[in-house]
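Here are a few exercises to work through with the model open beside you. Try each task before you read its solution.

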Amino acid sequence: MHKIRELGIHKIRHVIVIMQENRSFDSYFGTFPGADGIPAGVCLPDPLKGGCRRPWADHYDSNAEFPHGEASFRADYDGGKMDGFVAEADTHLCPPNPAPCHPDVMGYHTGRDIPNYWAYARHFVLQDHFFEAPGSGSLPAHLYEVSAWSANCNSRVASCRASDMPNERLPNRRTPFAWTDITWLLHKYGVSWGYYLDHGAVTVSLGNSKGVSVHWNPLPGFTDVHHDHQLGNLHLLTLFYKQAKAGTLPKVSWIAPDFRDSEHPRALISTGQAYVTRIINAVMRGPDWKSCAIFLTWDDWGGFYDHVKPPRVDGQGFGVRVPALLISPYARKGYVDHQVLSSDAYLKFIEDDFLNGARLNPLTDGRPDPRPVVREAMAILGNIFYDFNFNQPPRPPMILKPCPATTLIPPPQPGCRDHTALNTSTWGDS
């Protein structure tokens with residue numbers, strides 16, 4: 001830790017985590033130069049229709065939703081062969097529908113479809129072995145994002161047991177997460193934080209209403225957030241924009257999208273890219289840019305194909321590989337990081353930068369819980385610190401158009417606005 005301090009980690013005074021929805025690494029960066037991308041000749045078995053299905057360039061702005069819970073992860077993983085994606089999509093989406101069924105799990109988007117994301121990768125850091133922390137859907141992924149664990153509990157912390165299908169936060173079950181999340185340590189050490197909600201918060205399954213799904217907004221369900229009286233740190237995203245402009249960002253920020261901005265199928269990719277670009281532009285235009293690290297990733301693979309077998313580090317993960325980028329004035333330029341990473345590495349970086357290397361460890365963090373492992377301390381987990389060059393002068397901003405020209409079909413709506421009907425009532429494992 002002393003060496004990391006000497007090498008400049010504390011030049012980063014603001015960490016911003018942007019988590020989008022439901023894309024595998026191969027589906028967004030499978031053809032990116034220098035990355036561990038889609039292998040030549042791959043063809044996945046299709047038991048429903050016979051033969052096999054090959055990857056193909058998918059330029060559609062809206063994709064279908066595919067199963068991506070714990071059972072679907074096991075099916076896609078298929079004992080490490082990574083060949084169950086087509087069969088799993090067929091099984092859940094096709095029968096008994098008599099119409100032609102062509103799941104696009106093997107589709108991938110090109111750099112001309114998502115030019116801003118590829119521009120960030122070319123100019124900053126692309127992490128091509130970044131895995132979803134659990135092997136499951138959105139709720140456990142977002143629990144790992146802030147706590148490095150997912151579990152089922154009754155009202156007592158000692159009752160918590162690891163689970164990749166945890167109980168949701170509901171009106172009659174407001175605080176199901178009794179274990180310790182990172183805000184416990186941030187509060188303990190006096191480190192400012194904010195969790196920013198795109199158009200506010202909603203409960204699950206509210207059709208086309210604006211607001212962040214309960215799956216993507218877990219902190220109100222943690223007992224320690226209530227005990228520490230920290231619910232006031234959850235804000236509308238509009239406040240983040242004001243703080244970015246004024247240079248008053250907290251030390252740690254998490255940003256969660258609403259349905260339309262999330263890229264969660266069937267939401268438009270162009271709309272999600274525009275939303276993310278506007279956030280990054282706001283940071284780059286503000287006075288805090290020179291001391292920021294922006295971590296951009298996607299919560300889970302959404303059922304889309306990825307060829308890399310995830311390491312099995314414990315009973316819950318890792319899950320399928322997802323896209324991830326580091327954007328910072330101190331980021332190495334045009335670097336593809338091959339380290340094994342997950343959202344656990346975000347917590348590790350936050351802990352090293354702001355908490356003197358403290359960990360979410362039930363033996364040392366002052367709030368015991370029964371988690372079986374300390375994810376940030378695993379030997380296999382890489383360190384995002386090595387994606388920075390703190391000896392270089394801080395690089396200037398790279399302001400991008402939120403709605404660039406793309407090859408997406410159909411063309412994006414003016415301003416990349418999404419007016420597609422979104423049946424969010426089906427997003428039970430979103």
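**Exercise 1. Place Pro-410 and describe the peptide bond that leads into it.**

Step one: Pro-410 sits in the segment after α11 (343-354); helices (H or I, at least four residues) and strands (E, at least two) are DSSP runs, numbered from the N terminus. Step two: the bond joining Ile-409 and Pro-410 is cis, with omega about -10 degrees.

Before going on, a word on the ground rules. Residues are numbered from 1 along each chain as its sequence is written. The model is predicted, so local features need pLDDT of at least 70 and side-chain atom pairs count only at pLDDT 80 or more, while totals for chains, interfaces and linings use all residues; side-chain values use heavy atoms, with hydrogens and water left out.

**Exercise 2. Find out how confident the predictor is, and where pLDDT stays under 50.**

Step one: pLDDT, the predictor's confidence in each residue from 0 to 100, averages 92 over the chain, and 92% of the residues score at least 70. Step two: residues 204-208 stay under 50. Step three: for this stretch the model has 12 contacts (heavy atoms within 4.5 Å) beyond four places in sequence.

**Exercise 3. Work out the surroundings of Glu-21.**

Step one: Glu-21 belongs to the loop between β1 (14-20) and α2 (25-29). Step two: Glu-21 is buried, where buried means under 20% relative accessible area, exposed over 50%, and partly exposed in between (1.4 Å probe, protein chains only). Step three: look for a salt bridge, meaning a side-chain nitrogen of Lys or Arg within 4 Å of a carboxyl oxygen of Asp or Glu. Glu-21 has none, and Arg-23, the nearest side chain of opposite charge, is 9.4 Å away; Lys and Arg count as positive and Asp and Glu as negative, with His and the chain ends not counted. Step four: check polar contacts, which are pairs of N or O atoms within 3.5 Å; within protein, one must be able to donate a hydrogen and the other to accept it, and residues adjacent in sequence count only if both atoms are side-chain atoms. The Glu-21 side chain makes one with the side chain of Ser-138 at 2.9 Å, and another with that of Trp-216 at 3.2 Å.

**Exercise 4. Is His-229 buried or exposed, and what is its phi?**

Step one: most residues other than glycine have a negative phi. Step two: His-229 has a positive phi of about 55 degrees. Step three: with a relative accessible area of 69%, His-229 is exposed.
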